[in-house]
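Load the model in a viewer and keep the selection panel open. The stops below go from single residues to larger groups.

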Amino acid sequence: MEKNSAAHAFATLGHPDRLAVFRLLMRFAPRGVRPTEIAEALGLKANTLSHHLSDLASAGLASVERRGRSLFYSANRQLTEALIDYLALDVGRARPDLISPSLSAQKDPAMDDTDFDVLFICSGNSARSIFAEALLRDLGKGKFQAFSAGTRPNTALNPFALEVLERNGHDTSSLRSKHVSEFQQPDSIVMDFVFTVCDTSAAEECPPWPGQPITGHWGLPDPVKAMGTDAEKALVFAQTYGALRRRIETFISLPFATLNRLSLQNRVDDIDTEALNED
């Protein structure tokens, strides 16, 4: 990476609010995010956010795409990778005492056919993440340990969600809503994968996960907010279940033993992109 480009990028990220915007874009990567959603998540005024997004785009750290009447901003992952390489390999001279601690903290998911520990997160942990937990548990056939949690969990699971699961043959007796903090304790299981399945949870700040798991964002609309008759609501829950099932069926079919960490992250990102085109 050229020195002036790196300096421009570092200077752009030197503002706390711009850094917060960029971090949010990275949590949604490779998806884009509407400015209104960014402003709401970070508590920024629209005109202030507009300036920050413009600065990030000018530095090459973000790009914008129009879809219909909406603009979607996304992080430029290639430049981000180049910036990290510049800091580690050029500035840091690839010193092992600087780089090795970060690399050794990673739990390499490219392992034998032992359990992969996977956590699904949404805001309420009453429907979408519960669907994902039950689906991976049952479709994974013992290769995966599936968990779910919420950033603001409900006290009980949604009855429409339970009905869909039971109708599709899933045992719901052990499922419950729980707070994400249950998985952030010193003695918690170190996850191989962490997926957010709603935009609200993806937008919220979360401490780095131990072991630096592969992450993905499979944001789906909240079926709990569906309006209409009970039959119409039940249909929305069934459609959400189907959308997650397609993603998880693709996920469990990945050739984990033959993929390195970078390839696996790219394949995880592709799952959501391909599913969006099908949904």
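Is C198 buried or exposed? Select C198 in this predicted model: the residue is buried, with a relative accessible area of 1%. Now add C122, which is also buried, at a relative accessible area of 2%.

Display the sulfur atoms of the two residues. C122 is in no disulfide, and the nearest cysteine sulfur, that of C198, lies 5.2 Å away. Seen from the other side, C198 has the sulfur of C122 as its nearest cysteine sulfur, at 5.2 Å, and is in no disulfide either. A disulfide requires the two sulfur atoms to be within 2.5 Å, and the structure holds zero disulfides.

Next, select V118, F120, F193, W218 and F251. The largest nonpolar core has 39 residues, and these five touch the most other members. Colour the elements that give two or more residues to this core: strands β3 (116–122), β4 (144–150) and β5 (193–196), and helices α7 (128–139), α8 (159–167), α10 (230–252) and α11 (261–278). Which of them gives the most? Helix α7 does, with seven residues.

Then move to V33, L49, L56 and L79. They are among the 24 residues of a second, separate core. As background, nonpolar side chains in soluble globular proteins tend to be buried together.

For the last stop, turn on the surface and select F10, L87 and V91. Together they form a nonpolar surface patch with about 260 Å² of accessible area. To place V91 along the chain, highlight helix α5, residues 77–91, where this valine is found.

How values were computed: Residues are numbered from 1 along each chain as its sequence is written. This is a predicted model: local features need pLDDT of at least 70, side-chain atom pairs count only at pLDDT 80 or more; totals for chains, interfaces and linings use all residues. Side-chain values use heavy atoms; hydrogens and water are left out. Buried means under 20% relative accessible area, exposed over 50%, partly exposed in between (1.4 Å probe, protein chains only). A nonpolar core is a set of buried Ala, Val, Leu, Ile, Met, Phe, Trp, Tyr and Cys residues joined through side-chain atoms within 4.5 Å. Helices (H or I, at least four residues) and strands (E, at least two) are DSSP runs, numbered from the N terminus. Patches are made of residues with over 30% relative accessible area and no salt bridge: like charges are joined within 9 Å, nonpolar side chains (Val, Leu, Ile, Met, Phe, Trp, Tyr) within 5 Å. Accessible areas come from the Shrake-Rupley method with a 1.4 Å probe; for residues, only the protein chains shown count as cover. A salt bridge is a side-chain nitrogen of Lys or Arg within 4 Å of a carboxyl oxygen of Asp or Glu.
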